[in-house]
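I opened this model to look up its salt bridges, a surface patch and a pocket. My entries follow in the order in which I made them.

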Amino acid sequence: MKKLFLRFNYTDERGFILNVPSLKNGEHLTLGFDNKRKEFNIHFTDDNINEPGAKRREFIFVMSAFRFFLFLKRFEVFYNQSIINLVLSSKVNLGKLKKHKLIVNTFVTSEGAEDKLIHKRKNGKHWKFRENFDWGLIANNFKYLEESDLNSDKVLMAYKYNKGHLSHQGFIFNFEHLKGVYFIQIKRFNRFAKNMAIAMYYYLNTYPTEETLPFRQLMYERLKHPYLNKQEEKRLQS
């Protein structure tokens, strides 16, 4: 966790860049929008390569600004409807949650928690976990859910303790305008996220380009969904 970082940057000349570490040592993933070329891209950068002129970046996704924002606009309608259906079908009675002895953490939603946990510098463009952070503040603030924990417009992560293990069960929220307590089980949320990824894959594969092929291949390998037929598999491999 101490090695995890986020770097944001924006200039009128170069555009927007977000850097995050990848799973490989000495490599980071970049999401960027190039103002000069008017295109959105995702690429890996090998920080171990320092030779002048050597190839350090491996692009897996490149799309023009017009196509990218068109994709976002079309996807937004489907996403909004899906998330609304997920939320409204998750209304629950507080007593039922307490009966199942769900556990929440009061530190992560407390005032000032972000500043205690994350060190921000360069005008908020670089985020990193504080090396001297007292992780006991998180460990010591797990408690059984009570009505007083359901502050308006805050999302709580719910856990359950069983046989020495603390497992994530889902998300609890009590938004004032929805007038009720809602609990999205982690299984339902994961299914929702996978369905969104499948929808994204189908859209990109409907309008295929060579510049998005590595990303589509990566999505296919991660999803392995039965709805993706053999014909589409051959199409990706060609």
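Entry on salt bridges. I take a salt bridge to be a side-chain nitrogen of Lys or Arg within 4 Å of a carboxyl oxygen of Asp or Glu. The model is a predicted one. Under this rule I count four salt bridges, and I looked up three pairs, one after another.

Lys143 and Asp149. I find a salt bridge between these two side chains, with 2.7 Å from N to O. Are the two partners buried or exposed, or in between? Lys143 has 29% relative accessibility and counts as partly exposed. Asp149 has 12% and counts as buried, because the limit for buried is under 20%.

Arg56 and Asp47. I note 3.3 Å from N to O for the salt bridge of these side chains. Arg56 is partly exposed at 28% relative accessibility, and Asp47 is partly exposed too, with a relative accessible area of 34%.

Arg37 and Glu39. I find the closest N and O atoms of this salt bridge 4.0 Å apart. Arg37 has a relative accessible area of 62%, so I enter Arg37 as exposed, the limit being over 50%. Glu39, with 17%, goes down as buried.

Entry on the surface. Which residues make the nonpolar patch? I find Phe142, Tyr161 and Leu166, with a patch area of about 300 Å². Phe142 sits in strand β10, which covers residues 142-144. Its relative accessibility is 32%, so Phe142 counts as partly exposed. A patch residue needs over 30% relative accessible area, and Phe142 meets this cut-off because its value is 32%.

Entry on the second largest pocket. How much space lies in this pocket? I read about 360 Å³. The lining consists of 15 residues, and those nearest the pocket centre are Lys96, Leu97, His100, Phe183 and Gln185. I then looked up which elements give two or more residues to this lining: they are β6 (91-92), α2 (94-99), β13 (181-185) and α5 (186-206). Of these, α5 gives the most, with three residues. I also sorted the lining of the second largest pocket by class and got five nonpolar, five polar and five charged residues.

Note on methods. Residues numbered from 1 in each chain as written. Predicted model: local features only at pLDDT ≥ 70, side-chain atom pairs only at ≥ 80, totals over all residues. Heavy atoms only, no water. 1 Å grid on protein atoms, 1.4 Å probe; cavity = no way out; pocket = protein on both sides within 12 Å on 5 of 7 lines; lining within 4 Å. Points joined across faces, edges and corners; volume = space filled by probe spheres on them. Helix = DSSP H or I, 4+ residues; strand = E, 2+ residues; numbered from the N terminus. Nonpolar A, V, L, I, M, F, W, Y, C, P; charged D, E, K, R; others polar. Patch = residues over 30% accessible without salt bridge, like charges linked within 9 Å, V, L, I, M, F, W, Y side chains within 5 Å. Areas by Shrake-Rupley, 256 points an atom, 1.4 Å probe, with all protein chains shown as cover. Buried < 20%, exposed > 50% of the residue type's maximum accessible area, 1.4 Å probe, protein only.
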